[in-house]
Amino acid sequence: MSKTAVSTENAPKPPAKFSQAVRKGNLLQVAGQVAFDPATGAIVGDDVAGQTRQTFKNIEAVLAAAGSSLADAIMVRVYLTDTAHFAPFNEVYDELIGDEPQPARTTVYVGLPGELLVEIDVLCVLD
Amino acid sequence: MSKTAVSTENAPKPPAKFSQAVRKGNLLQVAGQVAFDPATGAIVGDDVAGQTRQTFKNIEAVLAAAGSSLADAIMVRVYLTDTAHFAPFNEVYDELIGDEPQPARTTVYVGLPGELLVEIDVLCVLD
Amino acid sequence: MSKTAVSTENAPKPPAKFSQAVRKGNLLQVAGQVAFDPATGAIVGDDVAGQTRQTFKNIEAVLAAAGSSLADAIMVRVYLTDTAHFAPFNEVYDELIGDEPQPARTTVYVGLPGELLVEIDVLCVLD
C-alpha cells in the first residue's frame, strides 16, 4: 500500500519535516493548519473568527490537492487558546463545515505560538 | 463508501455542527465527550472521578448507538485540566476501560470550559 | 477483525490500563510516548532535545514490536510545554523522522506531568 505526501503552494509550507497531508490506503490525514497566508507566511485575521476562515481555506486547499474535501472528513480536532473564543469560533465553524453528515469534533484549549488563536487538523476516509 | 453520522439522545447534544460520532468504512470516530447529563446539560460529578464516570457513560451511549463498544477502540484521547488528577482519573479509567487488549491512550493537560475537568474522544475500528 | 495489543519491555510500561500500541485491521495506533527510560522509569534528557531523542527511541521500540516503523506513520501528534521549545524540538525531529513521504503532524502546547517536556503519539497504516 503506497503512502503519498500531499503538497500544495495553496497552503502554508510546513516549518519542519512533515507533510501538509499524507494518504495511505483510504486514510487521508491533514496536518494541523493555522491562519498563515500561504504566500507571505503572515497571519490572516485579527480575531478567532478571521483566523478560522483562513485556517479553513488552508485545510480546503490541502484537501483539494489530495482530491478530497470536508465531505470526507470523519474527525476535526480544534485547538483554541481561550474558552471565550468558543462562541465566535463555532459561528464560523458552523458556516464552513458543510452539510450533514458532519464529522466528529474535539475542541480543547492549548498554547499556540505567537499570535495564533486556532489550529485545526482533519482526518478523512476517502471513498 | 458511505459516511454515517451517529445520533443519540442518550449522549449530550453537540453544541455546534458536529456529529456525536461518525462512521465511514470500518472507522468510527467518537467526538470529544464530557460529563454533561444528556437530558439536562448539567455537569455530573463534582470531581474528576465523578466526571469521568459520566463521560464514559456518554461515550458508551454513542458507541452503543453505532452498534459498537469500547472493545472496538484502538485509541482513547484524554484531556485533563490538572496533573494532580492523573491518579484519581486512572482509578476510574482502569475500572471502566474493559478487558485486554485495551486501546492505546494519550493524556495531556489542557484548558476546558467552565467546570469541566475531563474530555475524552475515542477512535474505533469496527469488525 | 482481530484487535491486538503491542507490548514490549523496550518501551515504558503504561501507568494505567492501556496498550503501548494496538493494531486492528491495518491501523496501528501508538500510545503517547514520553522520555522515560524503559528499564528505570527515569526521564532521559535534561532538555527538550534530549527528551525528544528518548521519546523517539520509545516510539521506535513500540513500532518495531509491532513489525512496523515510522515509514508507516501517517500522523504524528506532538505535545510540547513551551513555545520556545519549537526550534530545538524541530531540529531533533527533522533528524529522526525519516525520509519522505513524511507523516502529517500537529504540534500544540499543553501541560505534562513533572519534568516531562514532550509527548508524542503516532498513527500508522500498515501495508
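**Figure 1. Polar contacts and salt bridges between chain C and chain A.** Across the interface of chain C and chain A there are 15 residue pairs in polar contact, both residues at pLDDT 80 or more. A polar contact is a pair of N or O atoms within 3.5 Å; within protein, one must be able to donate a hydrogen and the other to accept it, and residues adjacent in sequence count only if both atoms are side-chain atoms. Strand E4 (73-80), helix H2 (86-96) and strand E5 (104-109) of chain C are the elements that give two or more residues to the side of chain C that touches chain A. E5(C) gives the largest share of that side, six residues. Helices (H or I, at least four residues) and strands (E, at least two) are DSSP runs, numbered from the N terminus. The rule also finds three salt bridges across the interface of chain C and chain A. In a salt bridge, a side-chain nitrogen of Lys or Arg lies within 4 Å of a carboxyl oxygen of Asp or Glu. Asp127(C) and Lys24(A) meet in a salt bridge through their side chains (3.0 Å, N to O).

The model is predicted: local features need pLDDT of at least 70, side-chain atom pairs count only at pLDDT 80 or more, and totals for chains, interfaces and linings use all residues. Residues are numbered from 1 along each chain as its sequence is written, chains are lettered from A and ligands numbered from 1 in the order in which they are written, and side-chain values use heavy atoms, with hydrogens and water left out.

**Figure 2. The area buried between chain C and chain A.** The contact (heavy atoms within 4.5 Å) takes 29 residues from chain C and 25 residues from chain A. About 2200 Å² is buried between chain C and chain A, and carbon and sulfur atoms give 59% of this area. Ile74(C), Pro101(C) and Gln102(C) lose the most area to chain A in chain C, together 22% of what that side buries. Buried area is the accessible area (1.4 Å probe) that two parts lose on being put together, summed over both.

**Figure 3. Asn90(C) at the interface.** Asn90(C) is found in helix H2 of chain C. Asn90(C) is buried, with a relative accessible area of 7%; buried means under 20%, exposed over 50%, and partly exposed in between (1.4 Å probe, protein chains only). Apart from neighbours within four places in sequence, Asn90(C) is in contact with Pro15(A), Ala16(A) and Arg105(C).

**Figure 4. Helix H2 of chain B.** In helix H2 (residues 86-96) of chain B, the buried residues are Phe89(B), Asn90(B), Val92(B) and Tyr93(B). These residues pack against helix H1 (48-65), strand E4 (73-80), strand E5 (104-109) and strand E6 (118-125) of chain B. Gly98(B), just after H2(B), takes a positive phi of about 95 degrees.

**Figure 5. The axis relating chain A and chain B.** A turn of 120 degrees and a shift of 0.0 Å along the axis lay chain A on chain B with an RMSD of 0.0 Å. The two copies are therefore related as by a three-fold rotation axis. Val110(A) has the C-alpha nearest the axis in chain A, 3.2 Å from it. Copies are superposed by least squares on the C-alpha atoms of residues with pLDDT of at least 70 in both.
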